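Here is a quick tour for anyone opening this entry for the first time. Keep the sequence and the picture side by side as you read.

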Amino acid sequence: MGMLMIKCPQTGRAIATGIKSDRDSFLRSTVFFARTPCPICRTDHGWFAPEAWVQESDAESDAPNASARISGAARPQRAPRL
Ligand SMILES: [Zn+2]
C-alpha cells in the first residue's frame with residue numbers, strides 16, 4: 001500500500017492526495033478525476049489519475065529497486081572523425 005501523490009501545478013512539488021492505494025490496483029483502475037486540497041497553495045487542484053503516482057511507504061523500502069538497474073543501452077557513441 002502507498003499514498004497517491006500528485007504534482008502541484010503551481011509549485012511543482014509533490015503533495016499527498018490522502019488516498020491510499022496499491023500500485024497494481026491503481027494501475028488497473030479506470031481513469032478518474034479528483035480534487036485535492038493543496039497544503040502549499042491552500043486551494044483545490046483538480047487532477048486525473050494518469051498524473052498521479054503511488055508513493056510506497058518507507059517501511060517497505062527493503063524491496064529491490066528494479067528501475068535503478070541500467071542496461072547497456074545508454075552506451076555513449078563515439079562520433080566519427082572527419
Ligand atoms: Zn498547489
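What follows goes from confidence to overall layout, and then to a few individual residues.

## How far to trust it

First things first: this is a predicted model. The chain has an average pLDDT of 80, and 76% of the residues score at least 70. Among the named elements, strand β4 (residues 43-48) comes out highest, with a mean of 96, while helix α1 (residues 23-28) comes out lowest, at 81.

Which stretch stays under a pLDDT of 50? That would be residues 60-73. For this stretch the model has zero contacts beyond four places in sequence. Where pLDDT is low, the coordinates of a prediction should not be read in detail, so enjoy that part of the picture with some caution.

## The overall layout

The parts list is short: one helix and five strands. Walk along the sequence and you meet them in the pattern β-β-α-β-β-β.

How much of the chain is buried? Of its 82 residues, buried ones make up 5%. As for links across the sequence, take the contacts with a separation of 6 or more: 44% of them join residues 24 or more positions apart.

## The three-stranded sheet

Three of the strands form an open sheet, in the order β2-β1-β5, with antiparallel pairing. Why does one side of β2 and of β5 have no neighbour in the sheet? Both β2 (14-21) and β5 (53-56) stand at the edges with a single partner strand each, so one side of each is left without a neighbour there. On average, neighbouring strands of this sheet are turned by 40 degrees against each other, ignoring direction.

Zoom in on β1 (residues 2-7) and β2, and you'll find five bridges holding an antiparallel pair. One spot to look for is Ile6, which stands opposite Ile15 in β2.

## Lys7 in strand β1

Lys7 belongs to strand β1. Lys7 counts as partly exposed, because 15 other C-beta atoms lie within 10 Å, and the partly exposed class sits between 12 or fewer for exposed and 20 or more for buried.

What does Lys7 touch? Leaving out residues up to four places away in sequence, Lys7 touches Gly12, Ala14 and Glu51. Another pair to find in the picture is Lys7 and Thr17: they are 10 residues apart in sequence, and their C-alpha atoms are 9.9 Å apart in space.

## The β3-β4 pair

Now over to strand β3 (residues 33-38), which is joined to β4 by six bridges, with the two running antiparallel. Is β3 tucked away or in the open? Of its six residues, zero are buried, so β3 lies largely in the open.

Phe33 is a handy landmark in strand β3. Its bridge partner in β4 is Phe48. Phe33 also touches Gly46 as well as Phe48, once residues up to four places away in sequence are set aside. Phe33 and Trp47 are 14 residues apart in sequence, yet 5.8 Å apart in space from C-alpha to C-alpha. Even so, Phe33 counts as exposed, because it has 8 C-beta neighbours inside 10 Å and the exposed class covers 12 or fewer.

## The turn at Arg42

Four residues lie between the strands in the hairpin of β3 and β4. Arg42 is found in this loop, and here is its quirk: Arg42 has a positive phi of about 55 degrees although it is not a glycine.

Is Arg42 buried or exposed? Arg42 is exposed, because 7 other C-beta atoms lie within 10 Å.

Methods. Residues are numbered from 1 along each chain as its sequence is written. This is a predicted model: local features need pLDDT of at least 70, side-chain atom pairs count only at pLDDT 80 or more; totals for chains, interfaces and linings use all residues. pLDDT is the predictor's confidence in each residue, from 0 to 100. Two residues are in contact if their C-beta atoms, placed from the backbone, lie within 7 Å. Two strands pair if DSSP finds at least two bridges between them. Axes are lines fitted to C-alpha atoms, for helices over the stretch in contact, and angles run from 0 to 180 degrees between N-to-C directions.
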